[in-house]
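Let's take a quick tour of this structure, one topic at a time. Keep the 3D view open and follow along.

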Amino acid sequence: MIVSVWRFSHLIFAIISSLFLLIASVTGVILAVEPISNKMESYSISGADELSLAETLENINTKYEEVLAVTRDRNGFVSATVIIDGKNDEFYIDPFTGDKLGNLIQKKASFSICYQPPPILFLKSTGRFLIGFASFLLILISISGIVLIAKRQGGYKQFFAPVVRENFSQYNHVVYARFSLIPLLVLAITGVYLSLLRFDVIPDSQVSLQVDFDSIQEEPFKEYTEFDLFKTTPLSELRELEHPFSEFVEDYYIIRLKDKELYLNQVTGDILAEEKHPIVQVMLSWATVLHTGEGSILWSMALGLGSLAIPFLTVTGFMVYFKRPKTKVNNEYSKNESEYVILVGTEGGTTLQFAQELHKQLLLSGKKSHLALMNQYSLFKKNGTFSGHYGHIRTRRSPGIRREVHTTGQKKNQQKQAFDFSVIGFGSTAYPNFCQFAYETHEVLKASNNSTALEEVFTVNDQSFESFTNWCSIWSKQMGLPIKLKKPKLITSSKPASTFKVIHKAELPEDDTFLLSLKNLNGSKPVSGDLLSVVPAKGARERLYSIGKLNSDTLLISIRRHEKGLCSNYLYQLKQDAKLTAIVVNNRNFHFPKHSKKTVFIATGTGIGPFLGMIQENIKRNEIHLYWGAKTKDAFNLYKDYIETALQEGKLTDFKTAYSRQQSEKIYVQHLIERDKDLFLEVLKKKGCIMICGIHSYAKRSFTRIAATQQQIP
């Protein structure tokens with residue numbers, strides 16, 4: 001797959017050059033300090049660059065008995081080489097007065113060490129090649145890194161969009177790489193160019209001016225302050241100006257400007273010879289500035305931070321690689337003898353764990369199952385007929401396998417036998433085009449011959465194992481299979497468990513619904529919308545409940561008791577002051593949108609729980625509309641105090657209910673959504689937020705349909 005190729009290349013380049021890059025990063029950070037330190041010196045005079053050369057030379061010449069040269073460096077500091085009391089002296093000057101400002105900056109010993117050739121150069125040509133090769137690898141690392149980030153983020157336009165946090169190494173590797181890859185790429189390119197020049201791979205073209213001494217004129221005489229070149233050239237263009245050694249007309253001014261070098265008749269001011277700097281020299285000048293940061297504090301800081309990031313990126317990069325689940329697949333049955341074929345598209349390997357668990361449970365059920373990667377899609381046969389069920393499991397990063405799957409629409413990969421299929425997409429709502437490739441895959445398979453879609457695309461946000469089990473429950477019932485999934489170890493949260501004390505329990509016996517108020521005794525710091533992972537007995541599957549946080553240490557969970565529900569009955573039997581051990585699971589994509597001026601909450605039944613906590617967080621009293629559905633008005637009694645208090649305090653704007661069995665005509669939440677569609681469209685247009693919890697799929701489709709008619713799908 002394309003992304004895998006880029007990732008593998010990125011890793012190989014990093015491994016080969018890691019030692020060199022670590023050494024280079026240390027010296028790079030030290031050397032980045034030097035131009036910053038130099039630039040901070042008080043030798044730059046405001047407005048001096050606007051002086052002409054004529055004005056500058058006049059100010060200096062009247063101050064000293066003899067001036068040999070005037071120089072302006074990349075920091076904008078002007079220095080003069082003069083004769084005082086028969087001795088040469090060189091120092092920084094004020095161009096307006098000619099006064100001495102200070103002695104020339106000397107390279108500090110700590111910086112000088114970094115300029116020494118590394119020991120590898122003693123290998124002569126071999127060492128030079130290795131240094132150039134390592135610098136070239138840094139270019140490839142930077143380019144491959146930029147491509148990988150762009151593919152991860154959903155395109156180059158989304159390069160600096162928020163990064164979904166999967167773990168510390170992944171998140172920080174991407175975040176810091178985005179800001180350091182450009183400086184590192186510039187460092188690498190300029191480093192390679194400077195090395196090629198230094199080692200004579202690129203010939204160094206020098207300016208070579210020739211003077212026709214026979215044509216030199218001694219008339220008309222002009223004062224140097226009247227020379228046209230001196231009068232029209234600003235000091236900002238100067239690099240170096242050398243005075244004539246004698247008063248003979250054959251001696252001349254040597255002037256080096258930013259873009260050219262020329263000789264000037266010291267008597268008449270005529271130009272004796274002139275030549276533009278060759279392109280090699282121009283590129284050398286730019287490469288030097290970009291590589292060292294000389295003359296710019298901001299760019300020096302960027303280079304220093306880029307160099308500083310190298311060790312961090314190296315460590316986190318290797319951590320990402322070694323923590324990445326492997327994608328090796330072992331099959332007991334071949335693809336052509338299997339009843340079920342599961343194809344997985346995965347870049348990170350995490351999604352493969354879900355597929356492997358499904359594959360494992362199918363085998364335990366006595367079914368022949370074959371698991372493969374999606375780019376291994378081909379013709380499938382089973383005893384002459386392909387009647388098995390064809391499963392797709394997809395991650396959010398799809399470009400690398402887009403080509404392989406879309407070949408299903410081509411004649412060479414058309415299945416010859418009828419087959420059923422189901423597509424489930426894994427992704428994150430923080431990325432644009434959430435699970436878009438899963439929908440594309442569904443359409444391609446649906447359009448192929450002899451295919452039957454068992455259901456619409458099912459999506460899983462942020463690797464939610466509970467969502468995956470919900471899909472599996474629906475699918476296994478269709479297949480008539482008794483499948484119960486076990487959560488893979490690598491997906492299980494590594495967070496330590498916390499202890500909670502039951503401080504209150506409220507219930508509705510006629511509705512089998514109850515509320516648990518819990519006090520957080522230690523450890524975790526949950527937020528409304530996070531999940532509470534409860535394991536009711538050893539070996540039992542975890543159950544996740546949405547959290548509503550009422551204050552700093554009080555949580556609320558709303559629970560529907562099921563007659564044979566192991567976890568709901570376990571929680572129901574908890575008495576006041578009882579202790580509960582559970583794990584808080586971060587659910588960052590379902591937190592209260594504090595920056596949204598207008599928000600809509602949609603819930604049914606116990607789905608109102610996290611919203612009760614979010615409403616408490618609305619200290620700015622932004623506009624919040626809560627839509628809630630239940631069977632009868634009696635169900636509202638469990639939440640009545642919370643809702644009425646929130647309305648009185650102005651934390652909740654309005655509360656609208658839909659009761660399906662209260663009257664002869666059933667009313668559901670989707671009816672309220674369609675009735676108030678103008679409100680929903682207004683929220684979308686003003687970039688507000690709409691959050692749904694515990695809602696049935698038809699209500700989601702109703703909302704999506706309203707948004708789609710206005711092309712406002714978020």
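Start with Val600, which stands opposite Ile690 in strand 25. That pairing belongs to strand 22 and strand 25, which line up in the parallel sense over five bridges. Bear in mind that you're looking at a predicted model.

**The open sheet**

- Strand 22 and strand 25 sit in an open sheet of four strands, and its order reads 24-23-22-25.
- Pairing in this sheet is parallel.
- Which strands are at the edges? They're strand 24 and strand 25, and each of them pairs on one side only.
- Going from one strand to the next, the twist averages 15°.

**The nonpolar cores**

- The largest nonpolar core has 27 residues.
- Phe601, Ile608, Phe611, Leu626, Trp628 and Ile643 are the ones with the most contacts inside that core.
- Which elements each supply at least two residues of this core? On the strand side you'll find strand 22 (598-604), strand 23 (623-630), strand 24 (654-659) and strand 25 (689-693). Helix 14 (609-616) and helix 15 (640-649) chip in as well.
- Take a look at Phe611: leaving aside its neighbours within four places in sequence, Phe611 is in contact with Phe590, Phe601, Ile602, Ala603, Leu626, Met691, Ile692 and Cys693.
- There's also a second, separate core of 25 residues, and among its members are Ala48, Val67, Ile93 and Phe230.

**Two hairpins**

- Ile93, from that second core, has Lys100 in strand 4 as its bridge partner.
- Strand 3 and strand 4 (residues 100-103) run antiparallel and are joined by three bridges.
- Six residues lie between the strands in this hairpin, and Gly98 takes a positive phi near 80° there.
- On to the other hairpin: strand 2 (residues 78-84) and strand 3 (residues 87-93) pair in the antiparallel sense, over six bridges.
- Thr81 stands opposite Glu90 in strand 3.
- The hairpin of strand 2 and strand 3 has two residues between the strands, and Asp85 takes a positive phi near 55°.

**A pair of packed helices**

- Helix 5 (residues 168-198) packs against helix 7 (residues 279-292) at an angle of about 135°, and their axes are 9 Å apart.
- That angle is why helix 5 counts as oblique to helix 7.
- Is the crossing of helix 5 and helix 7 left-handed or right-handed? It's left-handed.
- Helix 5 makes the contact through Val186, Leu187, Thr190, Gly191, Tyr193, Leu194 and Leu197.
- From helix 7, the contact residues are Val280, Met283, Leu284, Ala287, Thr288, Leu290 and His291.

How values were computed. Residues numbered from 1 in each chain as written. Predicted model: local features only at pLDDT ≥ 70, side-chain atom pairs only at ≥ 80, totals over all residues. Heavy atoms only, no water. Core = buried A, V, L, I, M, F, W, Y, C linked by side-chain atoms within 4.5 Å. Buried < 20%, exposed > 50% of the residue type's maximum accessible area, 1.4 Å probe, protein only. Contact = heavy atoms within 4.5 Å. Pairing = 2+ DSSP bridges. Axes fitted to C-alpha atoms, helices over the stretch in contact; angles between N-to-C directions. Parallel < 35°, antiparallel > 145°, perpendicular 65-115°, else oblique. Left-handed = near helix turned anticlockwise from the far one by under 90°.
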